[in-house]
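Here are some comments for a colleague who is starting to read this structure. Please keep the display open and find each element as it is mentioned.

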Amino acid sequence: MPWSITIQQAPPRPEAIIWEELPFGRIFSQHMAVAEYKDGKWQEARVQPFEPLSLSPGTSALHYGQALFEGFKAYQRPDGFRFVFRPKDHWQRLNHSAHRLSMPEVPYELFISLLHHLLLQEVALFPPNLQHAIYIRPVYFATDPWLGVRPSETYMLVIYLTPVGPYYKDTIKAYVETELSRAASGGTGTAKMAGNYAAALLSGRKAQAKGCQVSLWLDAFQHEYVEEFSTMNVFFVQRDSTLITPSLERGTILQGITRDTILYLAYERGLSVEERDISIHEVIENITHGRITEIFGTGTAATIMPIQSLFYEDKVWELPPHTPIAQMLLTDYKAILQGDLKGNPEWIWPV
Ligand code: COI
C-alpha cells in the first residue's frame, strides 16, 4: 500500500548541471524527502524543498552515533526509460544497519513511496547517459534531544539526491592498513553506519600521505586477513581467472550490493568464485609470482575500480596494467543497466 506523502514543490534549479565536470556529492537535489518517527510509529511523510535541518545540540545522533546511511543509483537509458537499481536490496541493508543500531525498521512502502515521489519531483536531474547517475542518499538518525545513553525515541529519515559521474577518475592505489582496525567480529562492521566512516578517516590520511586513494583494511584481531577497502569491497583475480573475495561470514565487512551483482555476473560468466579468508601474505606472495593478476574494488559510488598498486609495509606492489576480468565484469554490469543483459528482473525498478 503506498504511503501518504505530502508534496511541497521547490523552485526549479537556477543553473544547468554540467555533467562532464561534476564533483561527487557537492550538488544536491532541489527537493528532499523526510519522514519522522515518534510516539512509536512513523508519522506522515513529506517531499519538500531541500533545506538545512534545525536540530538541538543535544541531538542524540551527534553524541552517541545512532546514524546510518545508504547509497544507490537511478539512471536514464537513451530511450528515456528511468529506473532505480536494486532499491529493495538497499532498503533491506538499511534495516540491517538500523537493527544493529537499535533503530526502528523503516517500512518498505514508506521508503519506496518517499523515493518515488522524490524522483518524480526531480525528473530534471536524470542524466543524459549511463555514464552518469543520480546518487540517492538516505540518511537515518536519532533526534532525541536528551543525553541519556539509550536508544532514541525519535528519528528522522531524509532522502536526497546528488547527480554524479565516476567516483574515481583513474585507477587507484591502495594503502594496506596494518595498525588501525575497522571492525571486529560482533561489532558494527556490517552496518552502514556513520561511525564506521569516521573511524576510517585517520587511515585515509595515512593513505594519502603515501600517495594512495584508499585504505585496504585487514582483520582487527591479527591484521592478517583482508577485509575491504575504505570505500569498496575487494576482489582478487587469479591468473586462471578465479575470483577471490572475503566472505561475509566473519560478520565484519559491508554486504555490498555491487559485490553481490558482481558475484552474480561472475557466475553467469562461468568464472570460479571463492568467498573465503585471504591473508595479506597470500596476496603479496601471489602478486610477486604473477598469480594474482588483478585487484579491483566494488561499490555503488565507484562501481568497479581496478587497483594499480598496493602499498604494504613501506613497499609498493604493482599490479599489471591490463585488467581484462574487471573490464569484462564492468561491461556486463553496464549491459544490465542498458537493458542488454538480463540480471534479476527485480533489480530494475522503473520510476
Ligand atoms: C557508496 O559506494 O555508495 C558509498 O556509500 C561509499 C562512499 C565512499 C560514497
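1. In this predicted model, strand β17 is joined by four bridges to strand β18, which covers residues 315-318, and the two strands run antiparallel. One pair to look for is F311, whose bridge partner in β18 is V316. The two strands make a hairpin with two residues between them, and in that hairpin E313 takes a positive phi near 45°.

2. On the other side of the sequence, please look at strand β16, residues 292-299, which pairs with β17 in the antiparallel sense over four bridges. F296 is a helpful marker here, since P306 is its bridge partner in β17. These strands also form a hairpin, with three residues between β16 and β17.

3. In which sense does strand β10 run when it is joined to β17? Strand β10, residues 172-176, runs parallel to β17, and four bridges join the two. Within this pairing, A174 stands opposite L310 of β17.

4. How many of the 10 residues of β17 are buried? Nine of them are, and the strand can therefore be described as mostly covered, given that buried means under 20% relative accessible area.

5. A single residue shows what this looks like in detail, and S309, which lies in β17 (residues 303-312), is a suitable choice. S309 counts as buried because its relative accessibility is 3%, and the cut-off for that word is under 20%. When its neighbours within four places in sequence are left aside, S309 is in contact with I172, K173, A174, V316, W317, E318 and L319. Among these contacts is A174, the residue that stands opposite L310 in β17, and also V316, the bridge partner of F311.

6. Helix α7, residues 324-338, contains L330. L330 has a relative accessibility of 16% and so counts as buried, the limit being under 20%. Apart from neighbours within four places in sequence, L330 is in contact with T303 and I304. The C-alpha atoms of L330 and R82 are separated by 20 Å, while the two residues are 248 residues apart along the chain.

7. Please turn next to A74, which lies in strand β6, residues 72-76. With a relative accessible area of 0%, A74 is buried. If neighbours within four places in sequence are set aside, the residues in contact with A74 are F83, V84, L119, F126, A133, I134 and I136. A74 and K315 are 241 residues apart in sequence, and from C-alpha to C-alpha they are 40 Å apart in space.

8. The last point concerns two helices, α2 (residues 87-100) and α3 (residues 108-121), which pack at an angle of about 125° with their axes 11 Å apart. Because of that angle, α2 is oblique to α3, and the crossing of the two helices is right-handed. On the α2 side the contact is made by P87, K88, W91 and L94, and on the α3 side by Y108, F111, I112 and L115. Sorted by type, the residues of this contact divide into seven nonpolar, no polar and one charged.

Terms used. Residues are numbered from 1 along each chain as its sequence is written. This is a predicted model: local features need pLDDT of at least 70, side-chain atom pairs count only at pLDDT 80 or more; totals for chains, interfaces and linings use all residues. Side-chain values use heavy atoms; hydrogens and water are left out. Buried means under 20% relative accessible area, exposed over 50%, partly exposed in between (1.4 Å probe, protein chains only). Contact means heavy atoms within 4.5 Å. Axes are lines fitted to C-alpha atoms, for helices over the stretch in contact, and angles run from 0 to 180 degrees between N-to-C directions. Angles under 35 degrees count as roughly parallel, over 145 as roughly antiparallel, 65 to 115 as roughly perpendicular and the rest as oblique. A crossing is left-handed if the near helix is turned anticlockwise from the far one by less than a right angle, and right-handed if clockwise. Ala, Val, Leu, Ile, Met, Phe, Trp, Tyr, Cys and Pro count as nonpolar, Asp, Glu, Lys and Arg as charged, and the others, Gly among them, as polar. Two strands pair if DSSP finds at least two bridges between them.
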